[in-house]
Every structure is written in C-alpha cells, then in structure tokens.
Amino acid sequence: MTAEPELRPRPLDPASLAVLSLPMHDPRVRPLLDELAVEYDTRYGDLFGRSAAAEELNRYPAEEFEGPHGALLVIQEDGVSIAGGAFRRYDETTAELKRIWTHSAHRRRGLARLVLAELEALAASRGYTRLYLTTGPRQPEAKHLYLNTGYQAQFDLDADPESIGPLAFTKDLPAPL
C-alpha cells in the first residue's frame with residue numbers, strides 16, 4: 001500500500017491576478033458572499049441558527065464598504081473571483097476589516113495574506129492609522145492568520161475561544177509613504 005501524494009496548492013502567478021475595488025452589488029462580488037454564507041452556516045448554524053449567516057452578511061449597509069471611508073476588494077485569477085475582503089469606518093482613525101474570504105478551492109496559496117496586505121495599504125492611504133477586526137471562535141485558521149500577520153489579540157489566547165465569542169484583533173498601520 002503506497003501513500004497518496006500530497007496535493008500542493010498551485011503557486012500564485014502575479015501576472016494572472018487582478019485586484020479590483022468593487023461595489024457590493026457587482027456580480028463579481030457574489031461568489032465571495034455566497035461562499036461566506038455557506039461557511040458561516042456550516043461552522044455556526046448549530047450555534048446561531050441557519051438564518052444567522054444571512055443576517056451577518058446583511059448587517060451593514062453596502063454603502064459602508066464604499067469610498068472614501070470603506071472599500072471592498074476582490075482578487076480575480078484569470079477573470080474568476082477567488083478571494084476578497086472589505087473594510088468600513090469603525091471610528092475616525094480605525095478601519096474595521098470585514099468579509100475576508102478565500103474561495104475553498106484556492107486556500108493555502110497565500111491569498112488571504114494578499115487580501116490583508118491590499119486592504120491594509122488602501123486603509124492607510126485613506127488616512128486610517130489602525131485596523132480592527134473580529135473573527136469567529138470556530139475559525140482557528142483565521143485566528144492564526146491574524147496572529148501571523150502582526151495583529152494583536154484583544155482576548156486571552158489561552159481561553160477557550162467558544163467562551164469568548166467573537167475574537168477581536170487590532171493592528172497599527174504604518175504611515176503611508
């Protein structure tokens with residue numbers, strides 16, 4: 001009996017990627033929202049109910065993710081939406097990151113880091129000096145992503161995440177060049 005070969009994610013080819021700033025109603029954003037709804041329902045449906053994903057995704061008006069105070073970015077590869085994220089104004093100096101997403105078929109390729117870098121640069125260019133975000137207690141990969149990209153946990157890392165609820169993180173942004 002031989003071991004199955006490990007499937008490695010395809011490396012990113014920057015020449016095949018496009019970062020688009022889009023309004024929420026653009027059809028190229030739909031894959032992000034649709035898969036987020038499935039992800040939220042799968043992870044949290046037993047905790048919050050099956051309608052919770054739709055409520056969360058519609059919690060904020062679309063206008064909050066438009067300039068000059070917000071943004072929604074989608075990364076496309078060869079014309080297909082494969083990752084994205086958004087921010088909205090949290091307070092005068094802080095942007096709140098929301099909807100960080102990588103399509104399930106494209107995970108482990110560095111796309112979430114790319115989304116974060118793009119959002120951070122855009123937020124800094126718009127005058128924000130700090131970022132705030134929350135992720136769910138059943139998303140350990142997101143928690144590790146944020147910790148590994150310089151975000152500071154605003155909760156006890158040793159506590160059971162389910163006892164905390166949303167896991168909050170912050171990050172100070174460097175001044176734009």
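How many nonpolar, polar and charged residues does the lining of the largest pocket have, by class? In this predicted model, that lining has 18 nonpolar, 11 polar and 14 charged residues, and the legends below take up this pocket, a second one, the nonpolar cores and the sheet.

**View 1. The largest pocket of the predicted model, with a volume of about 1,200 Å³.** Of the 43 residues that line this pocket, Ile100, Thr135, Gln139, Ala142 and Tyr146 are the closest to its centre. Two or more lining residues come from each of α1 (30-48), α2 (52-57), β4 (94-102), α3 (111-125), β5 (130-135) and α4 (140-148), and among these elements α1 gives the most, with 9 residues.

**View 2. The second largest pocket, which holds about 170 Å³ of space.** Its lining is made up of 10 residues, and those nearest its centre are Met24, Arg30, Leu33, Leu57 and Asn58. The elements that give two or more residues to this lining are α1 and α2, with α1 giving the most, namely 4 residues. By class, the lining of the second largest pocket has 7 nonpolar, 1 polar and 2 charged residues.

**View 3. The largest nonpolar core, a set of 27 residues.** Phe87, Leu97, Tyr146 and Tyr151 are the residues with the most contacts inside this core. At least two of its residues are supplied by each of β2 (71-77), β3 (80-91), β4, α3, β5, α4 and β7 (167-172), while α3 gives the most, with 6 residues. In soluble globular proteins, nonpolar side chains tend to be buried together.

**View 4. Tyr146 and the residues that it touches.** Leaving aside residues up to four places away in sequence, Tyr146 touches Ile100, Leu116, Leu133, Thr135, Tyr151 and Phe169. Tyr146 is thus shown both as one of the residues with the most contacts inside the largest nonpolar core and, together with Ile100 and Thr135, as one of the residues closest to the centre of the largest pocket.

**View 5. A second, separate core of 14 residues.** Among the members of this core are Leu22, Leu33, Leu36 and Val74. Leu33 also appears in View 2, as one of the residues that lie nearest the centre of the second largest pocket.

**View 6. The open sheet of 7 strands, with mixed pairing.** The strands follow the order β1-β2-β3-β4-β5-β7-β6. At the edges stand β1 (17-21) and β6 (152-153), each of which has a single partner strand, so one side of each is left without a neighbour in the sheet. Strands of a sheet pair through backbone hydrogen bonds, either parallel or antiparallel.

**View 7. Strand β4 and its pairing with β3 and β5.** On one side, β3 and β4 pair in the antiparallel sense over 7 bridges, and these two strands form a hairpin with 2 residues between them; Asp91 has Thr94, in β4, as its bridge partner. The pairing of β4 with β5 is parallel and rests on 3 bridges, and the bridge partner of Glu96 in β5 is Tyr132. Because 9 of the 9 residues of β4 are buried, this strand is largely enclosed by the rest of the structure.

Key
Residues are numbered from 1 along each chain as its sequence is written. This is a predicted model: local features need pLDDT of at least 70, side-chain atom pairs count only at pLDDT 80 or more; totals for chains, interfaces and linings use all residues. Side-chain values use heavy atoms; hydrogens and water are left out. On a 1 Å grid over the protein atoms alone, a cavity is a set of points where a 1.4 Å probe fits but cannot get out, and a pocket is an open set with protein on both sides within 12 Å along at least five of seven lines; lining residues have an atom within 4 Å of a point. Grid points are joined across faces, edges and corners, and a volume is the space filled by probe spheres set on the points. Ala, Val, Leu, Ile, Met, Phe, Trp, Tyr, Cys and Pro count as nonpolar, Asp, Glu, Lys and Arg as charged, and the others, Gly among them, as polar. A nonpolar core is a set of buried Ala, Val, Leu, Ile, Met, Phe, Trp, Tyr and Cys residues joined through side-chain atoms within 4.5 Å. Buried means under 20% relative accessible area, exposed over 50%, partly exposed in between (1.4 Å probe, protein chains only). Contact means heavy atoms within 4.5 Å. Two strands pair if DSSP finds at least two bridges between them.
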